[in-house]
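Q: Hi! Could you walk me through this model before I head back to the bench?
A: Happy to, let's have a look together.

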Amino acid sequence: MNNISKQITRMLHQGVPSDGIRHYLATQIGLAEQAIDVFYSVFDVAIHFLRLGIFPGQIVELLVKRGIPQPVANEIVGDNLIYSRILYGECPLCRQKPPHAVIKGVLSQVEYVPSVPLSLPSPMTWLHCSACQHIFTDGYHQPVVQQAIFKFNQLDPVSDIKYLESMHIFSGDRVNHVGHYQADGRWLDVGFGNGSLLHAARECGYQPVGIDLQRKRVMELQQQDIEAYCCRLDEVPLPDGQCQVVSMTDVLEHIPYPSQYLLASHRLLAKEGVLLLSVPNRESRIWQLLDAQGNNPFWYQPDHYHNFSRSRLYLLLQEYGFQPLNCRISQRTRMGIEVVARKIS
Ligand SMILES: [Zn+2]
């Protein structure tokens, strides 16, 4: 059962047509037609509810009520949990209702003929909002999956001095850049990772504060006498208007609803405080060249939900009370831009 469930899950999420899966079940596993129907309906229910964002434990209960043995139900929900995203019910930036055009992914069959059929990442479907031109994935990961991907991705060698020194140079450059607009005060870095930006900010006279979802990193920073919190930005227990700088480098594309983080930044910033953002920019020439080659990694990052353009990002900033002041090409983020914006209202 174990292997069948995993195999079916992967085939379903890789967009294998149902005929292909039925053929596999009949010929490779030897299931009778009636059993195949049952199998299908169970998977359908599990995936449908996962995409609606229903708690996985409740879905298992529902399958058990339908007569599926508990271990089998656990297996099916668990396997599909990895691949099933919670679908956006509307554009995550402008709230335009579907349908949104599918520009890449399994629905359009544009690409994704998986060469290694059993490995992550699962196929990603990208949508285009005709109202605001934003490009976003059809859904976002279940929180438990998001955490797992996040932990897997954050393995920077923090004790390697050569590495830290190169990060120090990149981070110092970002601090110098922000310094043109805000020369001192409390600097809150969101998703500080190895902490290099906060250390550089402290060296230049700012009072650093960090938040990160990795408890180990938060404890490390606290041991270095830097104020740090392990939480999301919109949950941080800091009073309004106490920060002069908020930085989010390579953060917004990972957040299901970026406006929540912009609202929180606005709340935390003092009057005329500044925001530093970096994101990959799909208006980059390199982006377009890599697209033409079919070799652009940003369509395949399992932990990215948004492909921003500079122009859409600027409109979003203005909508949430920020005036963009400067945009420059990032030395750190691939095809990225770094934008400094001031809180204006
Ligand atoms: Zn939109």
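Q: What radius of gyration does the chain have, and what would a compact globule have?
A: The chain has 22 Å, which agrees with the figure near 20 Å for a compact globule of 345 residues. The radius is taken over C-alpha atoms, and the globule rule is 2.2 Å times the number of residues to the power 0.38.

Q: Before I go on, what kind of model is this?
A: A predicted one: local features need pLDDT of at least 70, side-chain atom pairs count only at pLDDT 80 or more, and totals for chains, interfaces and linings use all residues. Residues are numbered from 1 along each chain as its sequence is written.

Q: What is the mean pLDDT of the chain?
A: The mean is 88, and 91% of the residues reach 70 or more; pLDDT is the predictor's confidence in each residue, from 0 to 100.

Q: Where does pLDDT stay under 50?
A: Over residues 107-121.

Q: Switching topic, how many helices and strands are there?
A: There are 12 helices and 13 strands. These are DSSP runs numbered from the N terminus, with at least four residues for helices (H or I) and at least two for strands (E).

Q: Which residues have the most contacts inside the largest nonpolar core?
A: L188, V245, V246 and L275, in a core of 55 residues. Strand 10 (residues 269-280) gives the most to this core, with six residues. Such a core is a set of buried Ala, Val, Leu, Ile, Met, Phe, Trp, Tyr and Cys residues joined through C-beta atoms within 7 Å. Buried means that 20 or more other C-beta atoms lie within 10 Å of a residue's own, with C-beta atoms placed from the backbone.

Q: Why might nonpolar side chains group like that?
A: In soluble globular proteins, they tend to be buried together.

Q: And helix 12, which of its residues are buried?
A: In helix 12 (residues 310-319), they are R312, L313, L316 and L317. They sit on the same side of helix 12, because they cover an arc of only 140° around the axis, taken from the directions from the helix axis to the C-beta atoms.

Q: What covers those buried residues?
A: The cover includes helix 10 (258-268), strand 10, strand 12 (322-329) and strand 13 (336-343).

Q: What follows helix 12?
A: G321 does, and its phi is positive, near 85°.

Definitions and conventions:
Two residues are in contact if their C-beta atoms, placed from the backbone, lie within 7 Å. A residue is buried if 20 or more other C-beta atoms lie within 10 Å of its own, exposed if 12 or fewer, and partly exposed in between; C-beta atoms are placed from the backbone.
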